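Please follow the structure below step by step, beginning with a pair of packed helices, moving on to a single side chain, and ending with the confidence of the model.

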Amino acid sequence: MADQVAATCDQLIKAVVVIMDAETSQIYRTEALKFCEEFKDTSTLCVPCGLQLADKTQPAVVRHFGLQILEHVIKFRWNDMQQQEKVQLKECAMQLLSTGTRSILEEESHIKDALSRITVEMIKREWPQNWPDMLKEMEALTSQGEAQTELVMLILLRLAEDVITFQTLPSQRRRDIQQTLTQNMDSFFSFILAILHTNVEDYRKVKEIPGHELQARAHCRVAVATLNTLAGYIDWVSLVHITSGNCKLLEMLCLLLSEQDLQLEASECLLIALSRKGKLEERKPFMLLFDDVAINYILSAAQSADCLAICTNSSESQAVEVVERRYVFLKRLCQDLCALGFQLCSLVGSNVQVEVPPNLSKYLDALFAFTMHSSVFLKSCTGPTWSTLFKHETLSKVPVVVEMAMRYLKASMTTLVRSGFPSRNDSPSCEYSRMDFDSDEDFNSFFIAYRSQQMDIVRCVSHIVPLEAFQTAAEWLQFQIASPIDPGDTKSKTPEGMCSLLSPSVIQWDAATVFMECVTSQIFKSLNDEKLPIDQSMELLQALLSYKTRDPLILSCVLSNIFALFPFVVHRSQFLPQVLSELFKAITFETDMEDRESWTRAVKNVRRQACSSVIKICRDYPHFLLPCFDSFYSDVKSLFSGDKVLTYLEKCSLIEALVLISNQFKDFEKQKTFLDELVAPMMAEWTSEELKSVVWDPVKFLSFVGADKVVAEQSDDKDTASLHRGRLSFCMYAMMGVVRRARWPADLEEAKAGGFVVGYTSAGAPIYRNPCAAQFLAFLPNLLALIWTQNSLFVPENMARLSETFTRAFDVMEGEKNIILSLFQQPLDIYGTPVHKSSLERMQGFFSSLYESCFHILGCAGPSLQQEFYTIDKLCEGITESVFSSLDHLTDHRLRPMLRLFLKQLVISCPPEYFESVLRPLLGPLFAYMLRRLNVKWQVISQRTSVNGEDEEEPELCQDSQVTQEMLEEEILRLLTREVLDLLTVSCISKKVPEPAANKEEIDEEEMMMDSAQLVSSPQPTEELTEFGKCMIKDENIYMSLLTLAFTSLSWKDATNCHRTASVVCWTLLRQAVGGNLLPEAVTWFFTSVLKGLYIHGQHDVCNATLSHLALLIYENLRPRYLELRAVMAQIPNISTEALDQFDQRLVAPKGQRLGEKKKKDQFKKLIAGIVGKALCQQFRKEVHIRNLPSLFKKPKPDKDIVETESLGLAALFAPENNAL
């Protein structure tokens, strides 16, 4: 046999060499791999060959393969081996650990890893029942030297990872091992800490002695392995073990922060410990880390690492590595401080009565030092801690925290500044950013989130010290106003003399503006009117109004500050005309280039921002603007008729602002007269014979907007078609502004006095009339005609009429495409260049915005006009003939606005009396149509996926554009599906949210060890049918459409939609029919649909939990009446017929004999396990089977039911004859 083993080993060695040789051809490598795999699966010589190949005289690659063979035997053949063979293999493995490795510094890390895996696989199968002395044997191994000690640490770490972190073994085995570990944790921690202490002391002794460098490195390696192992246990063991001995472990970790070779691992252990949650009483000892000694160690370690984090000698590769390690340590140390801060905030002010630490100021200084560090990443790490501190009910009032809040205000003048781009060298942050970010775009994306965090902190601080915060903001702004504009050495495409986004002045103005916005948003919440700094704010406002600049980026910041200070203007009304004048000037802002085509994005943003500010002021302070309404109206008229160019969007914004102020008239006739006058020019245009003929005829419409003409890109002339498009867009946006903003008074008495109330419903609710109703009703016929015409454009004969220039006019715009595919990343230098769009892009934008505007207007009509809208004669027919026309030809992308902007709003705002006359006739057929359409589309996607899977081997690859188009179509279909099911949910389902659970921070250790599947079953909102839902299911055809849509969607390839529908919609709808006479075929189909969903989405834990729960609900409620469900269950692969029979018996048993909820769920999950789909990476994986051993920790069950058999005295206590009370 020895000869056979030797010969086989020679063959295996040759095969391994062939596999690992880079020059080997694919054919030979495949053959060698096949030979090796077949040997592992079938050969009886695996153990002797594996041991021979693993001998330390062999090359590392061969040894590793030998160890792999042994691991394969344990994982896949252990259950078939004789006891003697198992014992022999275990002894051989222990021998390998003892003598089968080289010294700790010579041995390859992958060999150590393979050795530890072998031992852990045996432990998972045999410990503690059949290998009770495992821990003692491990302890004995550590006495044989550093190499063996490191291996033991690797074994213990991997055991914790497999059992606790990854949970790669059956629940009973996992429970046995975990509970045995827990029982031995005292001695285990003593053992670990002893090894750590011994090796750290030995390392410190020998590292300074010349000639003992190798010995020092060996001790250091063991200490690192021990700390890594500790990290694997600190995360889940009882907090008592971490804090025992007056926090001896934490003290040791703090001491190790000063050891450069061990500090990173020590800081990671410390971070895991300080991030623990659990009972507050158990976390109380963490407050010992606020002692001077611990804080001083952290501070000194931070200062030392910070000095070494930047190395000037960057030409050496070793120096770069050292810098990275020091920087990573700084990050961990910062996170340690933050975690300590969260423990402080949890404990102080709680019921465990923890006092504020006496040296809190020293901790705050340490945290503040990280906040002021050059690294933006380190600054961001401290953000959540500051936010929690400043929001804390007790700590935010402590004097040292208030003092730190004022320091933080000054620091914000640095932290809010956008600097540190990796490509630049204008800040110390740049060096760190080059390590943290790949590009300026990555940095910019991170900085947006970071700044949002900083803004939240500034708002918190402004609540604590509002006057000081405003003083700081005012001084900063005054400094910016007084400073000359510095465009910097810009390399962007901005015009000469103008700033770019990265110009020094813009960066400072931007930061100061953000700061001011945060401060002013809080000051009115924190101070009474008499304490507000009115005079100072008006002085600042005057300086801003007097500030003159032609730079659009700077002007944008000035406008933001004016708007931020506007709440103060309410107290000084004399400043209102100046503010409005400045905003009106900004609406018509232009640089020296007067041609509209040469406007840069920054110029357009200024104009858009000014319009937005005017609308917001009119929305938030209409009563304040009412006295000067006439002058405001006059100024708007002047702008409309003046020489300055106004876009149709800007005109519509001003109309919207006027409508908002007019709501304060509180007089129906007066407001109606004003609105008639305001929109008269637009209505005359919209109802003209010219436009009427255009919007009713697709051919004329295409000609009118120029989509049937070939356009040369070089032509700069303003063609007639673009003016026509502008006229149409102006009409749409103007009406949308009026319908969206015109309202009756919120106060009922004022509404009645103003003539807005025309009656009351049967329930006693007032019926209002809207002053814009007449204009809307006149607008509506052409609007519906325009929707019909736009839908008709997708009919093939009309598509053929598009010119060569505009054949792709109805395609998804490039910007939207990038957003849908999550590819959008805005470059930083786009603000300085003119916005040039091709003729095709302009046409695409026009068609897209016009289509959405139609549905915006219809969507606003419901909430705005209420009964006046829903009582329109033949409304239902009009919508059906226009909105629902040519749906088969419409693209999925065009259907989304109809659902989201119109139909959803139509349902939400519909009074109950119009459910049957308006909503049901519209939505019933729509859901039936969408079911057919979506089902066909998803079948195409499924077929495409399966075809692509079969053709994977073909050498021809799809073109990138084709792949992108397919991805886009699938993503749009996914979004459309969600819109449809969202509409179904809004229409039919109402949620009732349960009572909130207990404090998350006080979860017991045992609860934290629960399976993820158990955690999913926390209390969920309960769903019921809405009133409209009840109306819908009265019609049997509509009811069946809704059920079919909901259950069919479970198997479409969209896991998010599957989870939402399964958890909210399916059972809520089906429950209404449970007591009725459902056909057996229907019940079978519903149940099969859920199982099909499990097959497709079962790989996702969340989907698995919701679908399993839904399947159980159906089976539990319908199985007693429909035997067909059992036949479906019997077809599930690998189902146990006996287990199914037992489950069925318990299901129909009397109440006292039925299964408990948890057991019922667990048993049902085991029954349907064969149908649950697997991820692609798991589908061809060989199953590992670990047998359960006799449990050591079974709880004895009482023979009798105490509740039923034993008297608790309650009946006697409340019996009439009891006179004891």
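In this predicted model, helix 48, which spans residues 1036-1048, packs with helix 50, residues 1080-1097, at an angle of about 25°, and the axes of these two helices are 9 Å apart. Because angles under 35 degrees count as roughly parallel, helix 48 and helix 50 are described as roughly parallel to each other. On the side of helix 48, the contact is made by Leu1043, Thr1044, Phe1047 and Thr1048, while helix 50 contributes Trp1085, Phe1086, Ser1089 and Val1090. Sorted by character, the residues of this contact comprise five nonpolar and three polar ones, with no charged residue.

A second place to look is His64, which lies in helix 4, the helix formed by residues 60-77. Is His64 buried or exposed? Its relative accessibility is 19%, and since buried means under 20%, His64 counts as buried. Leaving aside residues up to four places away in sequence, His64 touches His110, Ile111, Ala114 and Arg117.

How far these details can be read depends on the confidence of the prediction, so it is worth turning to pLDDT, the predictor's confidence in each residue. The mean pLDDT of the protein is 89, and 90% of its residues reach 70 or more. Over residues 950-957, however, pLDDT stays under 50, and the model has zero contacts for this stretch beyond four places in sequence. Residues 993-1020 also have a pLDDT below 50, although this stretch has 36 contacts in the model beyond near neighbours in sequence.

Methods
Residues are numbered from 1 along each chain as its sequence is written. This is a predicted model: local features need pLDDT of at least 70, side-chain atom pairs count only at pLDDT 80 or more; totals for chains, interfaces and linings use all residues. Side-chain values use heavy atoms; hydrogens and water are left out. Axes are lines fitted to C-alpha atoms, for helices over the stretch in contact, and angles run from 0 to 180 degrees between N-to-C directions. Helices (H or I, at least four residues) and strands (E, at least two) are DSSP runs, numbered from the N terminus. Angles under 35 degrees count as roughly parallel, over 145 as roughly antiparallel, 65 to 115 as roughly perpendicular and the rest as oblique. Contact means heavy atoms within 4.5 Å. Ala, Val, Leu, Ile, Met, Phe, Trp, Tyr, Cys and Pro count as nonpolar, Asp, Glu, Lys and Arg as charged, and the others, Gly among them, as polar. Buried means under 20% relative accessible area, exposed over 50%, partly exposed in between (1.4 Å probe, protein chains only). pLDDT is the predictor's confidence in each residue, from 0 to 100.
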